[in-house]
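Work through the exercises below with the structure in view. Each task is followed by a solution in steps.

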Amino acid sequence: MINAFSMDDGFRSHFARLHQVFMYITDRCNLECEQCIYKPSISHFINEEIHLTNALGLLKSFRDLGASKVTFLGGEPTLYGHRSGGRPLLDLIDGTRALGYEYMRIDTNGQRVAKLLREPSFQKMDEIAFSLDGFSADTNDPLRGKGTFLRVVDAIKTALEGGYFVTITCCVQKLFLERDADGVLALERMIRFAQELGVHQINFHDLFKVGIPMDTWTGSFAPEPVDWIPVYRELREKIDAGTFSIAIRLPQCFVTKAEFARNPGYYGYCPVKLGERVMVHPNGTIRICSNLICTAFGVARYADGHIHWDRTGANELAGHDMGRLTPCTNRSRHRKYGDLVPVCFSFKPGQEEYVWNHRLEWETNRIPASGSQYA
């Protein structure tokens, strides 16, 4: 029997529209990626993982609030329960499906997933997202480690052969803004490489230095905002024109002040204000914004079967204008960008993503601009 966690009224009230859970089930990892936003927890973890009983109890509580999608991350989530031969991960998947979650996703570096792919319980996953940060060993391995490119590509091919729904998660490093002799962006080469592999989708994350703590530990791979804008527009036009045969989740990252003012109901997407997601960590922290990973900020803590709402100044809601949709609070708190303003890390226009499309229906908030579909 799975016992749900009790919770403070403040937590229940803020997450009355909860849709998804990002559960960092373990802080252990078998890689030391240069650009990892979770690096401090991986290198100096206090609690190695969320115990299976607590993981399922929390997931039941979130399901009762309305959550329908869960993503398992780490660290490296395939290492979850390694002291028990990996069985706890399979039990977690079985238990999550039994709780009624409609969409289960796992985000893995693909270095040791081959055995799991043959497990019936693992085959219940709706999506396997493989982390791959380049279209060759030369472009990927400087970030993720020697030999990682070949191993993850092999794992992707094995998963595809096994009938899994496979996607790629990729960081937009500044190298991707360079062009080859024919003028083709390296970012486009990455898309075409993913397309050739046969995955369903590639999901890009940005690495911009935006005045948040993780700027200090995520390496020196970030492009400049002013350089990103024309690249985004070029790729956006090709995506809209149907140039590529796979789905692409491309972060817009910045818009002009005028464009934001024209459509704040669209560009002002903010999971903190919406209360549509929770991020759960082995150290007992529950937070919302990925920009605050590995900081003292969060919204709650869980312990002894109860979720405690944070009533201190460390509650990440502090400083947010909760009454209106604005440019990203955490990315504009200590950094200005001239005529540009930052939008949410997860703001990816037209993206094929379960909650964005089926729960929030966020694209219905977009007021079309003249000319390009997306400004």
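**Exercise 1. Place strand 12 among its partners.**

Step 1. Strand 11 (residues 285-287) and strand 12 run antiparallel and are joined by two bridges. Strands here are DSSP runs (E, at least two residues) and helices are DSSP runs too (H or I, at least four), numbered from the N terminus. Two strands pair if DSSP finds at least two bridges between them. The model is predicted: local features need pLDDT of at least 70 and side-chain atom pairs count only at pLDDT 80 or more, while totals for chains, interfaces and linings use all residues. Residues are numbered from 1 along each chain as its sequence is written, and side-chain values use heavy atoms, with hydrogens and water left out.

Step 2. Across from alanine 300 in strand 12 stands isoleucine 286.

Step 3. Strand 12 also pairs with strand 13 (residues 306-309), antiparallel, over four bridges. Tyrosine 302 is opposite isoleucine 307, and alanine 303 is opposite histidine 306.

Step 4. Strand 12 and strand 13 make a hairpin with two residues between them, and aspartate 304 in the turn has a positive phi of about 50°.

Step 5. Strand 12 (residues 300-303) has Ala300 and Tyr302 on its covered face, with Arg301 and Ala303 on the uncovered one.

Step 6. The whole open sheet has twelve strands in the order 1-13-12-11-10-2-3-4-5-6-7-8, with mixed pairing. Its edge strands are strand 1 (6-7) and strand 8, each of which pairs on one side only.

**Exercise 2. Describe the largest nonpolar core and the helix that gives the largest share of it.**

Step 1. A nonpolar core is a set of buried Ala, Val, Leu, Ile, Met, Phe, Trp, Tyr and Cys residues joined through side-chain atoms within 4.5 Å. Buried means under 20% relative accessible area, exposed over 50%, and partly exposed in between (1.4 Å probe, protein chains only).

Step 2. The largest core has 103 residues, and Phe11, Phe62, Phe122 and Phe204 have the most contacts inside it. Its largest share, seven residues, comes from helix 7 (residues 186-197).

Step 3. Contact means heavy atoms within 4.5 Å. Leaving out residues up to four places away in sequence, phenylalanine 11 touches partners including Ile286, Ala300 and Ile307.

Step 4. The buried residues of helix 7 include Leu187, Met190, Ile191 and Phe193, and also Glu188. Among the elements covering them are helix 6 (148-161), strand 7 (201-206) and helix 8 (225-240). Just after helix 7, glycine 198 has a positive phi of about 100°.

**Exercise 3. Which residues line the largest cavity closest to its centre?**

Step 1. On a 1 Å grid over the protein atoms alone, a cavity is a set of points where a 1.4 Å probe fits but cannot get out; lining residues have an atom within 4 Å of a point. Grid points are joined across faces, edges and corners, and a volume is the space filled by probe spheres set on the points.

Step 2. The search finds three cavities of 30 Å³ or more, and the largest has a volume of about 100 Å³.

Step 3. Of its 16 lining residues, Cys270, Pro271, Cys328, Thr329 and Cys344 are closest to the centre. Helix 11 (271-274) and helix 12 each supply at least two residues of the lining.

Step 4. Threonine 329 lies in helix 12 (residues 329-332) and counts as buried because its relative accessibility is 12%. Its C-alpha is 8.8 Å from that of cysteine 270, 59 residues apart along the chain.

Conventions:
On a 1 Å grid over the protein atoms alone, a cavity is a set of points where a 1.4 Å probe fits but cannot get out, and a pocket is an open set with protein on both sides within 12 Å along at least five of seven lines; lining residues have an atom within 4 Å of a point.
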